[in-house]
Amino acid sequence: MKMKRCAAVHDISCIGKCSLTVALPVLSAMGIEVASVPTAVLSTHTAGFTGYTFCDLTEELPKIAAHWKKENIVLDGIYTGYLGSFEQLGFVENLIDTFKTDDLCVVIDPVMADHGKLYTGFTPEFAAAMAKLCAKADVIVPNLTEAAFMLGEEYKESYDKDYVLGLLQRLAGLGAKKVVLTGISYDENKLGCATYDSETGAFGEYFTEKLPVAIHGTGDVYASTFTGAYLNGKDLLSAAAEACDFTCACIKATMDDLENHWYSVKFEKCLHLLTKAE
Ligand code: PXL
């Protein structure tokens with residue numbers, strides 16, 4: 001069977017297990033060829049470490065895309081995560097236009113915020129520009145905080161199902177065909193996601209047990225697994241559910257060692273759950 005090839009546009013955090021160092025192993029384990037597009041190299045991720053190094057690779061990015069085009073490289077997917085500047089948003093827009101085919105699937109995870117706050121270095125203006133880029137996506141995978149910032153709305157700690165349904169529709173109004181909203185919890189024992197397909201009008205939701213910890217990097221584990229499952233042909237809700245189950249397994253594998261392993265999840269211990277013999 002033909003193997004799918006997906007460009008993964010993320011930074012490399014040398015320590016921290018997020019972005020490309022999660023997308024690469026997760027998608028590879030799911031049988032997808034990853035075309036890596038490193039947007040920056042950081043010594044660590046930015047959440048909890050101080051004094052990290054940062055080498056911006058923005059200038060390299062158009063050169064990589066131009067060479068691929070010259071070599072007639074075809075992409076089945078483009079999956080973007082942490083993007084560090086307005087220029088990089090522009091690069092992704094061009095990359096999508098350059099590699100557009102009827103079959104190209106674009107998944108945008110608008111990584112920039114969590115728990116009601118923007119990550120270091122991000123601004124509301126950037127969130128508005130990311131919202132514009134989302135119009136080019138087949139699927140967007142924001143958490144509740146990113147959703148609120150992209151829509152210019154207040155972040156809500158507590159909410160009900162009507163709020164989530166409205167949020168999904170307003171997010172689809174940004175122009176993406178499908179939306180997966182992560183980090184949804186209506187009761188203290190369950191955590192999950194809600195999905196919306198603007199073409200069919202179908203809503204979905206899926207929950208797993210809510211574990212009493214918040215660990216960095218789980219958003220990237222979730223979006224990478226979702227992207228792999230969706231590119232492998234699962235429907236929106238089934239792919240979103242597989243990503244919930246896998247992320248939950250990764251958190252469980254990490255929970256007893258948080259003192260040492262506070263910076264991300266031990267996804268390596270769980271990769272076998274994603275590999276299926278063909
Ligand atoms: O997990 C998202 C992410 C990716 N890359 C870098 C980050 C973060 C979150 O803080 O700092 C460099």
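**Figure 1. Burial of cysteine 18 in the predicted model**. With a relative accessibility of 5%, cysteine 18 counts as buried, because the cut-off for that class is under 20%. The structure contains 0 disulfides. Cysteine 18 accordingly takes part in no disulfide, and the nearest cysteine sulfur, that of cysteine 14, is 10 Å away.

**Figure 2. Surroundings of cysteine 105**. Cysteine 105 is likewise in no disulfide. The nearest cysteine sulfur belongs to cysteine 6, at 7.9 Å, whereas a disulfide requires two sulfur atoms within 2.5 Å. The relative accessibility of cysteine 105 is 10%, and this residue therefore counts as buried.

**Figure 3. Residues around the ligand**. The ligand is surrounded by 13 residues, of which Asp11, Ser13, Thr46, His216 and Asp220 come nearest. Sorted by class, this shell comprises 6 nonpolar, 5 polar and 2 charged residues. The space that the ligand takes is the largest pocket.

**Figure 4. Close contacts between the ligand and three side chains**. A nitrogen atom of the ligand lies 2.8 Å from an N or O atom in the side chain of aspartate 11. For threonine 46, a side-chain N or O atom is 2.6 Å from an oxygen atom of the ligand. In the side chain of aspartate 220, an N or O atom is 2.7 Å from a ligand oxygen atom. The ligand taken alone exposes 310 Å², and the protein buries 98% of that area.

How values were computed
Residues are numbered from 1 along each chain as its sequence is written. This is a predicted model: local features need pLDDT of at least 70, side-chain atom pairs count only at pLDDT 80 or more; totals for chains, interfaces and linings use all residues. Side-chain values use heavy atoms; hydrogens and water are left out. A residue is near a molecule or strand if one of its heavy atoms lies within 4 Å of it. A polar contact is a pair of N or O atoms within 3.5 Å; within protein, one must be able to donate a hydrogen and the other to accept it, and residues adjacent in sequence count only if both atoms are side-chain atoms. Accessible areas come from the Shrake-Rupley method with a 1.4 Å probe; for residues, only the protein chains shown count as cover. On a 1 Å grid over the protein atoms alone, a cavity is a set of points where a 1.4 Å probe fits but cannot get out, and a pocket is an open set with protein on both sides within 12 Å along at least five of seven lines; lining residues have an atom within 4 Å of a point. A molecule sits in a cavity or pocket if more than half of its atoms lie within 2 Å of its grid points. Ala, Val, Leu, Ile, Met, Phe, Trp, Tyr, Cys and Pro count as nonpolar, Asp, Glu, Lys and Arg as charged, and the others, Gly among them, as polar. Buried means under 20% relative accessible area, exposed over 50%, partly exposed in between (1.4 Å probe, protein chains only).
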